[in-house]
Amino acid sequence: MRKPLIAGNWKLFKTIGEAVDMLNELKSLVSNNKEVEIVVAPVFTALSSVSAATAGSNIRLSAQDCYWEEEGAFTGEVSPKLLKDAGCSHVIIGHSERRQYFGETDLTVNKKTKAAIAAGLNAIVCVGESLAERESEQTFSVIETQIHGGLAGLSEKMFAQVIVAYEPVWAIGTGKTASEDQAQEVHIFIRQLLARLFGKSVADAVRILYGGSVKPENVKGLMGQPDIDGALVGGASLKADSFAAITNFKG
Ligand code: PEP
């Protein structure tokens, strides 16, 4: 059984104080939820403080990116080892905003994913097609390339620390959600591709999250799809009540 995972990507929002306040509010709203793994991803500067606030709760901490080297002359970068040190259990890698604005490629996604796993973090590896790619019927080939490149060389054992997030770029922050059928179609494609590349037991066990305008109103339908194992949530994760409602989708 794949335990559902709901992760909130807070992007470039919230001061340390705002992040801690939100965490404290969220904690009480989700404290009875034992069936879902709940993860929040604040900005780097808030990680330590939010980590302290998660103590004794069922909320886990993620960073939004990492570098692949452990340490060295790499001004401005943060390594997986330091994310662990700050209290992270997860790290988001290859988010479409990083691919679009910061030159992330499948090769850097691959290096970061391997480094995160080696440091003991769980890597949430994002893939997804743009609107132009969908409209020119390239969705599956784009996803295949991203999975091939981003996850190249991973062993079955390493996959215990990998979560894939399918995030169609046209659905991120736009209010346009992929329909349940559109999402399921890509999720099963990813699972079958993983089976071909890495074996059936990897494909059966790996969790594949959907991301793109997930809200309290649409989460239940998406989570009802057989190959959707959770959600990566942006905008609707910034308020404790809406994020809690998403994590409590089982009612
Ligand atoms: C995201 O940033 O990963 C995301 C899915 O954003 P939103 O939920 O706002 O579309």
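1. Start with the backbone of glycine 173: one of its polar atoms sits 2.6 Å from an oxygen atom of the ligand. Keep in mind that this is a predicted model. Glycine 234 does something you can look at alongside it, with a polar backbone atom 2.8 Å from a ligand oxygen.

2. Histidine 95 brings in a side chain: a polar atom there is 2.9 Å from an oxygen atom of the ligand. As for the wider surroundings, 14 residues lie around the ligand, and Lys11, Glu167, Gly173, Ser213 and Gly234 come nearest.

3. Now the helix packing. Two packed helices are described by the angle between their axes and the distance between the axes. For helix 1 (residues 16-30) and helix 2 (residues 47-54), the axes come within 9 Å and cross at roughly 20 degrees. With angles under 35 degrees counting as roughly parallel, helix 1 is therefore roughly parallel to helix 2. The crossing is right-handed.

4. Who touches whom in that pair? Helix 1 supplies Ile16, Ala19, Val20, Leu23, Asn24 and Lys27, while helix 2 offers Ser49, Val50, Ala53 and Thr54. Sorted by class, that contact has 6 nonpolar, 3 polar and 1 charged residues.

5. Helix 5 (residues 106-118) and helix 7 (residues 139-150) are worth a look too: their axes come within 7 Å and cross at roughly 40 degrees. That angle makes helix 5 oblique to helix 7, and the crossing is right-handed.

6. On the helix 5 side you'll find Asp106, Val109, Asn110 and Thr113, meeting Thr145, Gln146, Gly149 and Gly150 of helix 7. The class split for this contact is 1 nonpolar, 6 polar and 1 charged.

Notes. Residues are numbered from 1 along each chain as its sequence is written. This is a predicted model: local features need pLDDT of at least 70, side-chain atom pairs count only at pLDDT 80 or more; totals for chains, interfaces and linings use all residues. Side-chain values use heavy atoms; hydrogens and water are left out. Axes are lines fitted to C-alpha atoms, for helices over the stretch in contact, and angles run from 0 to 180 degrees between N-to-C directions. Helices (H or I, at least four residues) and strands (E, at least two) are DSSP runs, numbered from the N terminus. Angles under 35 degrees count as roughly parallel, over 145 as roughly antiparallel, 65 to 115 as roughly perpendicular and the rest as oblique. A crossing is left-handed if the near helix is turned anticlockwise from the far one by less than a right angle, and right-handed if clockwise. Contact means heavy atoms within 4.5 Å. Ala, Val, Leu, Ile, Met, Phe, Trp, Tyr, Cys and Pro count as nonpolar, Asp, Glu, Lys and Arg as charged, and the others, Gly among them, as polar. A residue is near a molecule or strand if one of its heavy atoms lies within 4 Å of it. A polar contact is a pair of N or O atoms within 3.5 Å; within protein, one must be able to donate a hydrogen and the other to accept it, and residues adjacent in sequence count only if both atoms are side-chain atoms.
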